[in-house]
Amino acid sequence: MSKYRVLYDFDGILENKKFKANTTVEFEDARALEIKNVLPGFIDKIEEPEISKSSTVAEIKAHLDEQEIEYDNGAKKAELLDLI
């Protein structure tokens, strides 16, 4: 699953759902490709930054928050990286 930004409103027939512009949704990459082929320019893949040793503590914490991974607020960088 990858995250995509919806650029224009459209009806997801397979999902039986209306997708609104300026929202973020998750699609399997194969489904996203189908949508892009039928509705070019309606969705755009969100590239998530790669977390590594060169990432800042703030970036690592933001990533952990997005993934809903709990951590000690006073944890050191190496401890945070171990959680990923």
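Reader: Which helix gives the largest share of the lining of the largest pocket?
Author: In this predicted model, the largest pocket has a volume of about 150 Å³. Its lining includes Glu 59, Ala 62, His 63 and Glu 66. Four residues, the largest share of that lining, come from one helix, namely H2 (residues 57–66).

Reader: How many charged residues does the lining of the largest pocket have?
Author: Among the lining residues are Lys 3, Glu 48, Glu 50, Glu 59 and Glu 66. The lining also has four nonpolar and two polar residues. The number of charged residues is five.

Reader: Which residue in S4 does Lys 3 stand opposite?
Author: Lys 3, one of the residues that line the largest pocket, has a partner across a strand pair. Strand S1 (residues 2–6) pairs with S4 over four bridges, in the antiparallel sense. The residue in S4 that stands opposite Lys 3 is Glu 26.

Reader: Along strand S4, which side chains point to one face and are buried?
Author: The side chains of strand S4 (residues 24–27) alternate between two faces. Thr 24 and Glu 26 point to one of these faces and are not buried. The buried side chains, which point to the other face, are those of Val 25 and Phe 27.

Reader: Why does Arg 31 count as buried?
Author: Arg 31 belongs to helix H1 (residues 29–38). Leaving aside residues up to four places away in sequence, Arg 31 touches Gly 12, Ile 13, Leu 14 and Glu 15. A residue is buried when its relative accessible area is under 20%. Arg 31 counts as buried because its relative accessibility is 18%.

Reader: What pattern does the protein chain follow along the sequence?
Author: The secondary structure of the chain consists of three helices and five strands. Read in sequence order, these elements give the pattern β-β-β-β-α-β-α-α.

Reader: What radius of gyration does the protein chain have, against that of a compact globule?
Author: Taken along the principal axes, the C-alpha atoms fill a box of roughly 45 × 20 × 20 Å. For a compact globule of 84 residues, the radius of gyration would be near 12 Å. The protein chain has a value of 17 Å.

Reader: Among contacts between residues at least 6 apart in sequence, what percentage join residues at least 24 apart?
Author: Of the 84 residues in the protein chain, 23% count as buried. As for the contacts in the chain between residues at least 6 apart in sequence, the share that joins residues at least 24 apart is 37%.

Methods: Residues are numbered from 1 along each chain as its sequence is written. This is a predicted model: local features need pLDDT of at least 70, side-chain atom pairs count only at pLDDT 80 or more; totals for chains, interfaces and linings use all residues. Side-chain values use heavy atoms; hydrogens and water are left out. On a 1 Å grid over the protein atoms alone, a cavity is a set of points where a 1.4 Å probe fits but cannot get out, and a pocket is an open set with protein on both sides within 12 Å along at least five of seven lines; lining residues have an atom within 4 Å of a point. Grid points are joined across faces, edges and corners, and a volume is the space filled by probe spheres set on the points. Ala, Val, Leu, Ile, Met, Phe, Trp, Tyr, Cys and Pro count as nonpolar, Asp, Glu, Lys and Arg as charged, and the others, Gly among them, as polar. Buried means under 20% relative accessible area, exposed over 50%, partly exposed in between (1.4 Å probe, protein chains only). Two strands pair if DSSP finds at least two bridges between them. The radius of gyration is taken over C-alpha atoms; the globule rule is 2.2 Å times the number of residues to the power 0.38. Contact means heavy atoms within 4.5 Å.
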